[in-house]
Amino acid sequence: MPTQPATHPAGNSTVLLATTYTALSVAAAAAAASSPSLWSLFMGLLAVLVAWGAYWAAERYWLRPRRLDRALRAQGLTGTEYRFPAGDLVENARLNEEARSKPMKPCHDVVPRVLPHVLHTVKEHGTLIVVKDRWESKLASSDAPYELDIWPEFQNLTGDVISRTAFGSSFLEGRRIFQLQGEQAEPRPLIRRNNRRMNEINGEIEGILRGMVEKRERAIESGEASGNDLLGLLLQSNMDSGKGSLRLSTEDVIEECKLFYFAGMETTSVLLTWTLVVLGMHPEWQDRAREEVLAVFGKDDKPNFDGLSRLKTASVTMILYEVLRLYPPAVTLNRRTFKDMQIGGITYPAGVILELPIIVVHHNPDVWGKDVHEFKPQRFAEGISKATKDDQPAFFPFGRGPRICIGQNFALLEAKMALSMILQRFEFQLSPSYTHAPYTVITLHPQHGAPIIVKKI
Ligand code: HEM
């Protein structure tokens, strides 16, 4: 999962350079008053610094991008020309802002709104317990339909689940981390990015996590059980591995915790939100899924692991796959080459960022057929490999290869359980106030929330 919103290096370094220059000028003026030889020393130092800064900026914003551009074009790759100082970023931001300024029709052809710039480039250049209880208490006084925004509801639910299972903490304890990570992810125009605030947020998150990790380490060292949540298992196995190179440092453990908090909460809440939105648009699939859930668990039994495994070939699973295809929570995967790499006969020099737009592949009619933008869970009836034309491997909402999502089974189990419990007890439809407006804030969010009308059955 991409975890950190990218900060804009240009803004950052400009500010740094200016500050250094001012500080040096003041120091130089003071020095000039006292001693001529110190004065020339300062001037020399200043000249070296200015020359170094100019070279650094030229290399970073002009020479290196141009070098990489030439190396790729020489091998037949096409694309937009590099534009000083930030390549496509400005155009990308402009197209995103334009797309986000208006909602879309309630249909599933969402790529032009979610990734307008990537789509343009590709075209131009080539190929539940908590929720259930809360909803029931809201509906307890009457059987009248009730409107609620499921987006924050599912954020609370999945935040609570990952806090308990991974960190043995409650949602309340994890809440500050989620709030801060949410602020980190907020979209801001490049020029308004506040790097100092970003550093403060990072510092606060790391402070909370360091406290949690150190408290647990002390408990384990004094002989208390490590607990069978993810943090306990991680720390116990780390301590068992002795002092060798396999041992993670506290910083490593903190980084892992950040990733799990973010990946565990954000992605699954997005999946559940889009699933209810889509089932609100397609009541026939909602009914079908409910029938199957009721056949397996009845109206009152809590969904259990065995029953959920029996739903593997049923509509619930096909529905979740089809939602992950049309609305993949992680819309793109990014990689940066750290050395010259050969991929598909092309040599990518070190420093190239490769972006794999999952959502564009998931919406490609050449792969999925003419009905690509339709919600058709039955395309997964014979499993994932048979869902595409000529069995092309083109479904990867959880990534692929060595960095494939470590939490995919956990996420699907959680989503099936939540969905089953909702379908057992409620029917729902989209509220007339719902506006279809998917957009990315690292993952694929509903820009104006997801109000639905729920009714007890
Ligand atoms: C619908 C839910 C989820 C989706 C769509 C999803 C998607 C992804 C994707 C696409 C990646 C690969 C990122 C890359 O290659 O750059 C990934 C990695 C990861 N995910 Fe998930 N994820 C989901 C749920 C979860 C959950 C619930 C957890 C934790 C319990 C989790 C933990 C992780 C971790 C730790 C990684 C990094 C793995 C590594 O780098 O080795 N994910 N996820």
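How do the residues of the shell around the ligand divide into nonpolar, polar and charged?

## The ligand shell

This is a predicted model. In it, 21 residues surround the ligand. The shell divides into 15 nonpolar residues, five polar and one charged. The closest to the ligand are Ala-263, Thr-267, Gly-399, Cys-405 and Gly-407.

Which helix gives the most to this shell? Helix H11 does, with seven residues. H11 and helix H17 (408-425) each supply at least two shell residues.

## Cys-405

Cys-405 is among the closest residues to the ligand. UniProt, in an unreviewed entry, places the feature "binding site" at Cys-405. This residue sits in the loop between helix H16 (365-368) and H17.

Is Cys-405 buried, exposed or partly exposed? Cys-405 has 18 other C-beta atoms within 10 Å, so it counts as partly exposed. A buried residue would need 20 or more. Leaving out residues up to four places away in sequence, Cys-405 touches Phe-398 and Gly-399. Gly-399 is itself one of the closest residues to the ligand.

## The nonpolar core

In soluble globular proteins, nonpolar side chains tend to be buried together. Here, the largest nonpolar core has 77 residues. Helix H11 (residues 250-281) contributes the largest share of this core, 15 residues. H11 also gives the most to the ligand shell.

Leu-271 and Val-323 have the most contacts inside the core. What does Leu-271 touch, not counting residues up to four places away in sequence? Its partners are Leu-320, Val-323, Leu-324, Pro-329, Ala-411 and Ala-415.

How values were computed
Residues numbered from 1 in each chain as written. Predicted model: local features only at pLDDT ≥ 70, side-chain atom pairs only at ≥ 80, totals over all residues. Core = buried A, V, L, I, M, F, W, Y, C linked by C-beta atoms within 7 Å. Buried ≥ 20, exposed ≤ 12 C-beta atoms within 10 Å, placed from the backbone. Helix = DSSP H or I, 4+ residues; strand = E, 2+ residues; numbered from the N terminus. Contact = placed C-beta atoms within 7 Å. Near = placed C-beta within 6 Å. Nonpolar A, V, L, I, M, F, W, Y, C, P; charged D, E, K, R; others polar. UniProt positions renumbered as here; feature names shortened; annotations may be inferred.
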